[in-house]
Structures are given as structure tokens and as C-alpha cells.
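Grab a viewer and work through a few short exercises on a ligand site and some backbone oddities. Try each task before you read its solution.

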Amino acid sequence: MGFRRKKISVIGAGQVGATCALMLAQRGLGDVVLLDRAMGMSKGKALDILQTAAVELFDSQVHGAAGYDDTAGSDVVVLTAGSPRRPGLTRDDLLAINAGVVAECCREIARTSPSAVVIVVTNPLDAMAFVALRELGFPPRRVMGMAGVLDSARFRTFVAMELSSPTRWTPWPL
Ligand SMILES: NC(=O)c1ccc[n+]([C@@H]2O[C@H](COP(=O)([O-])OP(=O)(O)OC[C@H]3O[C@@H](n4cnc5c(N)ncnc54)[C@H](O)[C@@H]3O)[C@@H](O)[C@H]2O)c1
């Protein structure tokens, strides 16, 4: 049986999306496709990430998508597309804007990667995960939001700062 690397698409190539794509590639978790509505930027960032392979020595491919068809058949889709909160923008404004973005992206994801597991990162997270679940029409076990680990990581960091110890140390085996 042939070996097939996982295909992981990251939608939104901003701060979070580009960092996510870099970590996925450098950890060799799969071949990465990076898509943003600013297509030139996602292609440029994908190339920057791929070129780190010569130094970090990983085999993953990293590709800047020209459209959703390039993400077709993804095993995992990480959804980071959205607007950040800007001065003068209330949380309700942001919710309405990002709900539109998430719905639009999910319709394309459902069309091109109907078997994917979708990880929603866009804020406000719980609401956006719900919009994604509704628009995708996937079973709930294939749609999840990423946030809990961030809160735990922040908590551990602050505890470590108070104790002047490395964040990595834990009193229990992980
Ligand atoms: N869940 C978490 O723990 C967590 C942590 C950090 C950030 N976030 C959220 O993640 C999201 C992204 O944050 P960021 O700092 O990367 O923002 P960013 O502004 O740097 O990047 C967002 C990207 O999405 C793109 N985009 C917008 N609409 C799009 C569309 N319809 N299709 C494709 N791309 C589109 C933009 O062009 C931009 O490049 C925000 O909503 C932020 O609040 C969540």
C-alpha cells in the first residue's frame, strides 16, 4: 500500500494562518496548501515557508493556492480567515463580519473537501464554529473550534512567570 501524506489546507494567510502553515510544514504533519483572498500574499508566504525546508530539513510541500480547487480533497482544513478587531468595531460588528467570511469559506470547503476535518480558529470562536457546522453540513465530530489549548497555554505561562521557572516544566508527566 502506497504512503500518502495528509493534505492540510489553511484558509487565511494572516498572522495565525501563516504561523500555523509554518508549524505544520516544519513538523512534517502533511503537505500544506495556504489560501487567502489576497492571493499574491498567500503565494509569497507559502514560498517563504517552503524555502525554510533547506534549513529545517522537512519534506512537506507548501503551496500557495490560486483558489479553492487547489485545496480539493484536504484531510484537514484550518480556518483562520477573518477580520481582526479594529478601533471603533464592536464585538457584535466583528461577529457579523466574520460570520459572513466563515460562511463563505465553508461553502467552498464543503464543495471541495467534503471529507475533511475542519478546525475553526476565527473569532468569536464558539459562534464561528457554530456557523461553520451549519454551513458545512458535516457531522459534528468533523468540525471543531481551537481555543481551549490557548487558554491553558496562557495560564501555564503566567504561572511559570510568577514562579520564575521554564513554562515547559510541569509537576506531572504529560
Ligand atoms: N481561536 C484562537 O485561539 C485564536 C487565536 C488568535 C487569533 N484568532 C483569530 O483568528 C483570526 C485570524 O487572526 P490573524 O491575526 O491571523 O488575522 P489577520 O488579519 O492577520 O489574517 C486574517 C486573514 O484572513 C484573510 N481573509 C479575510 N477574509 C477572507 C476570505 N473571505 N477568504 C480568504 N481569506 C480571507 C485576510 O486577507 C487576512 O490575510 C481572527 O479572527 C483572530 O481573532 C483566534
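Three exercises follow, each with a worked solution.

This is a predicted model, where local features need pLDDT of at least 70, side-chain atom pairs count only at pLDDT 80 or more, and totals for chains, interfaces and linings use all residues. Residues are numbered from 1 along each chain as its sequence is written, and side-chain values use heavy atoms, with hydrogens and water left out.

**Exercise 1.** Work out what surrounds the ligand and which backbone atoms touch it.

*Solution.*
- Step 1: start with the shell, taking a residue as near if one of its heavy atoms lies within 4 Å of the ligand. There are 20 residues around the ligand, and Val16, Asp36, Val121, Asn123 and Met146 come nearest.
- Step 2: sort them by class. You get nine nonpolar, eight polar and three charged residues, with Gly counted as polar and Tyr, Cys and Pro as nonpolar.
- Step 3: look for polar contacts, meaning N or O pairs within 3.5 Å. A polar backbone atom of valine 16 is 2.8 Å from a ligand oxygen. Ligand nitrogen atoms pair with a backbone N or O of valine 121 at 3.1 Å and of arginine 37 at 3.3 Å.
- Step 4: check the burial. On its own the ligand exposes 860 Å², and the protein buries 82% of that (Shrake-Rupley areas, 1.4 Å probe).
- Step 5: bring in the elements, which are DSSP runs (helices H or I, at least four residues; strands E, at least two). Helix 1 (15-26) and helix 4 (91-112) are those giving two or more residues to the shell, and helix 4 gives the most, with four.

**Exercise 2.** Find out whether the cysteines are paired or free.

*Solution.*
- Step 1: count disulfides, that is, cysteine sulfur pairs within 2.5 Å. The structure has zero.
- Step 2: check cysteine 20, whose nearest cysteine sulfur, in cysteine 105, is 14 Å away.
- Step 3: try cysteine 105. Its closest cysteine sulfur belongs to cysteine 106, but at 6.7 Å that is too far for a bond.

**Exercise 3.** Locate the unusual backbone geometry.

*Solution.*
- Step 1: recall that most residues other than glycine have a negative phi, and most peptide bonds are trans.
- Step 2: inspect asparagine 123 and proline 124, joined by a cis peptide bond with omega about -5°. Proline 124 falls in the loop between strand 5 (117-120) and helix 5 (125-136).
- Step 3: move to leucine 57, a non-glycine with a positive phi of about 60°. Leucine 57 is in the loop between helix 3 (53-56) and strand 3 (62-64).

Technical notes
Polar contact = N/O pair within 3.5 Å; in protein donor to acceptor, adjacent residues only side chain to side chain.
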